[in-house]
Amino acid sequence: MKGWAFVRPAWQRLILYTVVMGIVALLLFAIQWFAVHEYQLQITEINESQLQDIVQATSTNMNNQYQTWQVELNELAATIGKNILDNSKRAYTSGITRNPGEFYVLTNQYEIIGGRNNTIMQSAVQQVQTLQNGCGITGFTTENNQPVQYMICRIKGTDQNGFAVRAIDTSMLSQRIIADSTHYETLIYNEEFKVVGSHNATDIGRVDITAVTKKLLDGNTGIIEDNHIKYGIGFSRINDDHALYVAVHEINNDTAQNVKAFRNQMVLIYIPVFLIAAIVMVFYRRRVIKDNTVNTQVRDQRREEDLRQQQDTYYLPMLQSMEEQLQELQNRTTRLTGGDDLKLLGFYNNLADNLEASASRGDSASRAELEFFRELNQNFTQGRLKQESYIAELAVSVQELREELEQKMHGAAGINFTDMNEVITESLKWANRALDMKGIEVVVKQEPVSPIAAQSAMLYRTIQGLVENAVVAMAQHYEAPPDMSEHGAFAPRSKRVNKTLKVSSLMDEEEILITIEDTGGGIDDKMRWNYFQSDYSQNNNADTLSLYHMDAFLKTIGGRLKLRNTDRGLQAIIQLRR
């Protein structure tokens with residue numbers, strides 16, 4: 001991870017996007033494989049179910065049709081067959097045809113007495129050993145190069161015994177196929193692997209010995225696969241001796257094409273998915289960067305506030321105390337320089353001159369005394385001048401140290417030593433320029449206060465905000481004196497003035513008090529808590545501080561803001577630590 005920090009941001013973004021898009025592509029391919037696999041299974045299951053339904057329907061249809069053919073043959077035997085046997089004469093030599101099929105009437109010795117001559121039919125009928133319920137079915141034989149089967153029923157109710165025969169050819173069986181010939185190929189087989197029923201005439205009579213027909217003639221049913229082709233197989237038992245076998249498969253297997261088309265559609269979905277993934281990734285990255293930036297700013301702001309609070313708590317009192325001591329030291333050094341002590345610089349020299357003048361008049365004064373006083377005067381003067389030089393250097397050093405201390409405080413945290421009386425004066429000047437002060441009497445009472453180590457801009461905004469709140473409150477809450485109606489504009493000034501703004505500063509042993517009082521009617525005590533909430537403000541001016549921010553700032557410098565209702569308005573009290 002250390003090497004990652006040395007990679008260029010552009011390459012970092014490129015690598016990140018490549019990795020994310022690769023993961024997205026891998027997930028999409030996995031989803032595609034799963035979806036295509038499930039789709040293929042569903043299609044295969046549907047196709048197999050359709051094949052089984054076709055086989056079952058075809059088998060059921062053939063069983064029902066054989067029963068219908070047997071009923072029709074019995075009806076023919078009871079009518080035409082019985083009449084022919086009773087007449088004992090050859091009839092219908094050109095053939096007896098009904099739609100569908102061809103019919104024959106035989107005597108008990110299997111001689112044709114009704115219908116056209118057909119030796120193949122006679123041989124097939126003679127091979128039937130038993131008749132169930134008076135009817136039977138022969139196996140398939142070849143007539144006119146086409147497979148054919150014969151159904152035989154005994155003619156009852158006559159003096160002579162005979163049989164009615166019905167030919168069942170491949171066209172009759174092919175009509176029993178219900179599957180759509182354009183989509184499915186349905187083949188009907190006999191016991192000899194020969195096709196006896198199909199929509200395609202070229203398939204009739206073909207012998208198919210394949211894995212499918214082998215399993216088919218073994219009595220298997222269901223779905224089998226041969227050469228990647230699905231077959232539905234089943235059989236239809238027409239009597240105890242014979243059965244027909246059905247095999248169905250799709251002519252054009254659309255499963256592979258459907259799966260391919262579905263896969264292509266899934267691939268087309270990749271384009272919008274990739275675009276959405278890219279947009280989401282870019283948006284998410286920008287959101288993360290924005291959140292990190294905001295969190296960093298909030299963290300830095302909190303750290304700065306903690307440092308500032310720590311500075312206000314520990315360092316500012318110490319710096320303010322140092323500034324006061326330096327101020328006191330500067331004042332003392334100022335008092336030490338000059339003064340009455342400088343008058344002594346020429347005292348001893350004047351004393352020597354006076355002694356010399358007295359000596360000239362005859363008074364007694366030795367030469368040694370005169371020299372002593374002159375030397376004493378010179379030594380005192382040089383010492384005093386040197387002391388004055390040292391004191392001046394000390395005063396300059398103290399002044400430089402104080403200026404350096406104030407400059408560092410102001411440069412490091414925006415803090416400098418501010419005179420609150422100057423802040424009040426400048427704030428009132430600002431109010432006269434920026435606010436409507438017409439009709440407002442301003443009363444200012446200031447006492448000397450020590451400078452405050454704080455951000456001067458915030459102190460100005462705090463005082464200006466309180467003054468603006470007072471002016472706005474008085475403008476909204478105008479209270480006329482009771483006798484205004486009597487005197488009107490000629491009333492005395494003391495009675496005409498009803499809006500008063502009082503601003504005062506006071507310093508005691510521990511703190512500085514700044515009071516701003518108005519006659520604007522005060523505040524609702526029930527709303528006092530709301531006034532000091534961070535999201536509450538009634539001033540639309542973005543530059544004006546709310547009461548919450550005023551109080552928060554004052555707390556950082558060890559101060560506090562209090563609001564107190566008076567008889568006519570509100571009194572805002574700022575308590576500042578000395």
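These legends go with a set of close-up views of a predicted model.

**Figure 1. The whole chain, before zooming in.** Here's the overall tally: the protein has 14 helices and 19 strands. Of its 578 residues, 36% are buried. Take the contacts between residues at least 6 apart in sequence, and 62% of them join residues at least 24 apart. The protein exposes about 34900 Å², with 51% of that supplied by carbon and sulfur atoms.

**Figure 2. A nonpolar patch on the surface.** Seven names to look for here: Trp11, Leu14, Ile15, Val19, Ile23, Leu27 and Ile31. Together they have about 670 Å² of accessible area. Isoleucine 15 is a handy one to pick out, and it sits in helix α2, which covers residues 9-87. Isoleucine 15 counts as partly exposed because its relative accessibility is 37%, in between the 20% limit for buried and the 50% limit for exposed. As background, nonpolar side chains in soluble globular proteins tend to be buried together.

**Figure 3. An edge-to-face aromatic pair in helix α2.** Searching the whole structure turns up three aromatic pairs. One of them is tyrosine 66 with tryptophan 69, edge-to-face, with 5.2 Å centre to centre and 65 degrees between the planes. Both residues belong to helix α2 and sit three residues apart, about one turn of the helix. Tyrosine 66 and tryptophan 69 are both buried.

**Figure 4. A stacked aromatic pair that links distant parts of the chain.** This view pairs tyrosine 110 with phenylalanine 163; the rings are stacked, 5.4 Å centre to centre, with just 5 degrees between the planes. Tyrosine 110 comes from the loop between β2 (102-107) and β3 (112-114), while phenylalanine 163 belongs to strand β7 (residues 162-169), and the two are 53 residues apart. What about cover? Tyrosine 110 is partly exposed, at a relative accessible area of 23%. Phenylalanine 163 has 3% relative accessibility, so it counts as buried.

**Figure 5. Two loop residues with positive phi.** Most residues other than glycine have a negative phi, but this view picks out two non-glycine residues that go the other way. Serine 88 has a phi of about 55 degrees and lies in the loop between α2 and β1 (96-97). With 41% relative accessibility, serine 88 counts as partly exposed. Phenylalanine 193 has a positive phi of about 60 degrees, and its loop runs between β8 (184-189) and β9 (195-197). Phenylalanine 193 is also partly exposed, with a relative accessible area of 21%.

**Figure 6. Inside the largest nonpolar core.** This core has 38 residues, and those touching the most other members are Met420, Ile463, Leu466, Leu501, Leu561, Ile574 and Leu576. Several elements each supply at least two residues of the core, including α9 (420-434), β16 (499-507), β17 (511-517) and β19 (570-577). The largest share, eight residues, comes from α10. To get your bearings, start from isoleucine 574: leaving aside neighbours within four places in sequence, its contacts include Thr462, Ile463, Leu466, Ile512, Leu554, Arg560 and Leu561.

**Figure 7. Another core, apart from the largest.** This core has 36 residues, among them Ile54, Trp69, Tyr184 and Ile188. You've already met tryptophan 69 as part of the edge-to-face pair with tyrosine 66.

How values were computed:
Residues numbered from 1 in each chain as written. Predicted model: local features only at pLDDT ≥ 70, side-chain atom pairs only at ≥ 80, totals over all residues. Heavy atoms only, no water. Patch = residues over 30% accessible without salt bridge, like charges linked within 9 Å, V, L, I, M, F, W, Y side chains within 5 Å. Areas by Shrake-Rupley, 256 points an atom, 1.4 Å probe, with all protein chains shown as cover. Salt bridge = Lys/Arg side-chain N within 4 Å of Asp/Glu carboxyl O. Helix = DSSP H or I, 4+ residues; strand = E, 2+ residues; numbered from the N terminus. Buried < 20%, exposed > 50% of the residue type's maximum accessible area, 1.4 Å probe, protein only. Contact = heavy atoms within 4.5 Å. Phe/Tyr/Trp six-rings, centres within 6.5 Å; stacked < 30°, edge-to-face > 60°. Core = buried A, V, L, I, M, F, W, Y, C linked by side-chain atoms within 4.5 Å.
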